[in-house]
Amino acid sequence: QLEGGRWLTKALPGWQAAASVPPVKAPFLVLVKFFLGQIDFQNSLVYGLVAIFLFLFFILLFLAAFRGIKKEAFWFFSFWFFVPLVLAVLISLKVSVISPKRLILTLPAFVSLLSLGILSIKNRSSQILALVILILISSASLGAYWFNPKLQREDWRGATRYVETNGDPNSLALFEFSDPFAPYLWYQTGKIKSSRAFDGISAKEELVEAKLPLTTF
């Protein structure tokens, strides 16, 4: 993975900025994204205030779990959550490939730590309040993701349907890549043939001019 990351940063100069975040910001962004998912705020001040609130909320539940009686579960989930996060931050100092989605393997541990924290709160009213806050955060973020297309992933199904609907048997879906993109291959029905244009992933203008006339199907 490290070798692949180094190669990509050289082959695609813009890839590093698009695929990673600064190591200093990474732990905070992981917490925010694990709470809110794809939600984004245009106002940086609002985003910062929300991030501080979520960070403090996590710390309070984490400390409650630490003081609770389920010590084995606490240390197990803490190890599961923090070790990959710390390793990712350290590795990203050499190869910048850290982002919240690459740490999604720690999400079950994150949720489990929150659950242990709520279970460990002795005051019943405070316990219910923490649970209500968590439910409201999750409901708001899920609602925003479900009903705001800007927060959703690329519509590869719609794009593939558009190509196949507007093409004919003589059409070719040609990709400026070493293979047709995986999402396209997943959703295609075979109505239109697909092909790669290059052997590699770096498509410079002179390479396009040289290779494109030679592409056949």
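In the views that follow, Ala, Val, Leu, Ile, Met, Phe, Trp, Tyr, Cys and Pro count as nonpolar, Asp, Glu, Lys and Arg as charged, and the others, Gly among them, as polar.

**View 1. The lining of the largest pocket in this predicted model.** The largest pocket has a volume of about 790 Å³, and of the 23 residues that line it, those closest to its centre are Lys 33, Leu 36, Gly 37, Gln 38 and Ile 104. By class, the lining of this pocket divides into 14 nonpolar, four polar and five charged residues. At least two lining residues come from each of helix H3 (26–36), helix H6 (107–120) and helix H7 (124–147), and H7 gives the most, with six residues.

**View 2. The chain as a whole, with its order of elements.** The chain is built from 10 helices and two strands, which run from the N terminus on as α-α-α-α-α-α-α-α-β-α-β-α. Of the 217 residues in the chain, 32% are buried.

**View 3. A nonpolar surface patch that includes Phe 79.** Phe 79, Val 83, Val 86, Leu 87, Leu 90, Ile 91 and Leu 93 together make a nonpolar surface patch of about 670 Å². Phe 79 is found in helix H5, which spans residues 71–92. Because its relative accessible area is 58%, above the cut-off of 50%, Phe 79 counts as exposed.

**View 4. Ser 92 in helix H5 and its spatial relation to Val 21.** Ser 92 lies in helix H5, and its relative accessibility is 2%. Since buried means under 20% relative accessible area, Ser 92 therefore counts as buried. The C-alpha atoms of Ser 92 and Val 21 are separated by 9.0 Å, although the two residues are 71 residues apart along the chain.

**View 5. Lys 122 in the loop between H6 and H7.** The loop that holds Lys 122 connects two helices, H6 and H7, both of which supply at least two residues of the lining of the largest pocket. With a relative accessible area of 83%, Lys 122 is exposed, because the term exposed applies over 50%. Lys 122 and Gly 68, which are 54 residues apart in sequence, are 9.2 Å apart in space when taken from C-alpha to C-alpha.

**View 6. Ser 195 in strand S2 and its spatial relation to Leu 172.** The place of Ser 195 is in strand S2, which covers residues 193–196. The relative accessible area of Ser 195 is 16%, so this residue is buried, given that buried means under 20%. Between the C-alpha atoms of Ser 195 and Leu 172 there is a separation of 7.3 Å, while 23 residues separate the two along the chain.

**View 7. A salt bridge between Glu 154 and Arg 153.** The side chains of Glu 154 and Arg 153 meet in a salt bridge, with a distance of 3.6 Å from N to O. Because a salt bridge is a side-chain nitrogen of Lys or Arg within 4 Å of a carboxyl oxygen of Asp or Glu, this pair qualifies at 3.6 Å. By this rule the count comes to one salt bridge, and both of its partners, Glu 154 and Arg 153, are exposed.

Notes:
Residues are numbered from 1 along each chain as its sequence is written. This is a predicted model: local features need pLDDT of at least 70, side-chain atom pairs count only at pLDDT 80 or more; totals for chains, interfaces and linings use all residues. Side-chain values use heavy atoms; hydrogens and water are left out. Patches are made of residues with over 30% relative accessible area and no salt bridge: like charges are joined within 9 Å, nonpolar side chains (Val, Leu, Ile, Met, Phe, Trp, Tyr) within 5 Å. Accessible areas come from the Shrake-Rupley method with a 1.4 Å probe; for residues, only the protein chains shown count as cover. Helices (H or I, at least four residues) and strands (E, at least two) are DSSP runs, numbered from the N terminus. Buried means under 20% relative accessible area, exposed over 50%, partly exposed in between (1.4 Å probe, protein chains only). On a 1 Å grid over the protein atoms alone, a cavity is a set of points where a 1.4 Å probe fits but cannot get out, and a pocket is an open set with protein on both sides within 12 Å along at least five of seven lines; lining residues have an atom within 4 Å of a point. Grid points are joined across faces, edges and corners, and a volume is the space filled by probe spheres set on the points.
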